[in-house]
Amino acid sequence: MTALAQQVKNTPMAPYIGLMRGMSKRDIQIVVKFLNAVLDEEREEKATSPKTNEEIIREKYKNLKISPEIQRLRGCMKLTEEEMQDERTKYILGL
């Protein structure tokens with residue numbers, strides 16, 4: 001048994017393996033086309049779905065440049081736990 005067949009056997013698709021072995025090549029191609037279409041739809045949905053606030057903030061963090069003044073302030077400030085968890089505070093301080 002190939003590694004790919006073993007992977008399929010470990011999925012919810014496993015009960016259909018025997019059924020697919022009895023199918024004609026044309027029928028199997030139709031099933032594969034359907035599966036590809038489902039995957040394409042999923043990719044399109046991910047590409048067009050609006051970004052969450054977390055994703056937007058992560059993108060901003062990637063390119064964040066922290067000024068030396070802010071670097072010095074980090075050690076001098078006393079913030080509460082709630083303030084430390086605030087996304088805006090994290091962004092401003094580059095945490």
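**Figure 1. Tyrosine 61 in helix α4.** Helix α4 (residues 53-62) is the place to find tyrosine 61 in this predicted model. With a relative accessible area of 24%, tyrosine 61 is partly exposed, because that value falls between the limits of 20% for buried and 50% for exposed. Tyrosine 91 makes a good second landmark for this view: 30 residues along the chain separate tyrosine 61 from tyrosine 91, and their C-alpha atoms are 7.0 Å apart.

**Figure 2. The chain as a whole, for orientation.** Before moving on to the next close-ups, here is the setting. The protein chain contains seven helices and zero strands, so read from the N terminus its elements follow the order α-α-α-α-α-α-α. Of the 95 residues in the protein chain, 3% are buried.

**Figure 3. The salt bridge between arginine 88 and aspartate 86.** Here we look at the pairing of arginine 88 with aspartate 86, whose closest N and O atoms lie 3.5 Å apart. That distance counts as a salt bridge because the cut-off is 4 Å, and the count by this rule comes to one. How exposed are the two partners, arginine 88 and aspartate 86? Arginine 88 has a relative accessible area of 63% and is therefore exposed, whereas aspartate 86, at 26%, is partly exposed.

**Figure 4. The largest pocket and its lining.** This view turns to the largest pocket, which holds about 320 Å³ of space. Its lining is made up of Thr2, Leu4, Ala5, Val8, Met13, Ile17, Met20, Arg21, Ile28, Val31, Val32 and Leu35. Two or more of these residues come from each of α1 (3-9), α2 (17-21) and α3. Which helix gives the largest share of the lining? That is α3, with four residues. Sorted by class, the lining has 10 nonpolar residues, one polar residue and one charged residue.

**Figure 5. Leucine 35 and a nonpolar surface patch.** Our last stop is leucine 35, a residue of helix α3 (residues 25-48). You have met Leu35 already, as one of the residues that line the largest pocket. Leu35 also belongs to a nonpolar patch on the surface, together with Phe34 and Val38. The accessible area of Phe34, Leu35 and Val38 together is about 270 Å². Is leucine 35 buried, partly exposed or exposed? Its relative accessibility is 42%, so leucine 35 counts as partly exposed. That value also fits the patch, because patch residues need over 30% relative accessible area.

Conventions
Residues are numbered from 1 along each chain as its sequence is written. This is a predicted model: local features need pLDDT of at least 70, side-chain atom pairs count only at pLDDT 80 or more; totals for chains, interfaces and linings use all residues. Side-chain values use heavy atoms; hydrogens and water are left out. Patches are made of residues with over 30% relative accessible area and no salt bridge: like charges are joined within 9 Å, nonpolar side chains (Val, Leu, Ile, Met, Phe, Trp, Tyr) within 5 Å. Accessible areas come from the Shrake-Rupley method with a 1.4 Å probe; for residues, only the protein chains shown count as cover. A salt bridge is a side-chain nitrogen of Lys or Arg within 4 Å of a carboxyl oxygen of Asp or Glu. Buried means under 20% relative accessible area, exposed over 50%, partly exposed in between (1.4 Å probe, protein chains only). On a 1 Å grid over the protein atoms alone, a cavity is a set of points where a 1.4 Å probe fits but cannot get out, and a pocket is an open set with protein on both sides within 12 Å along at least five of seven lines; lining residues have an atom within 4 Å of a point. Grid points are joined across faces, edges and corners, and a volume is the space filled by probe spheres set on the points. Ala, Val, Leu, Ile, Met, Phe, Trp, Tyr, Cys and Pro count as nonpolar, Asp, Glu, Lys and Arg as charged, and the others, Gly among them, as polar.
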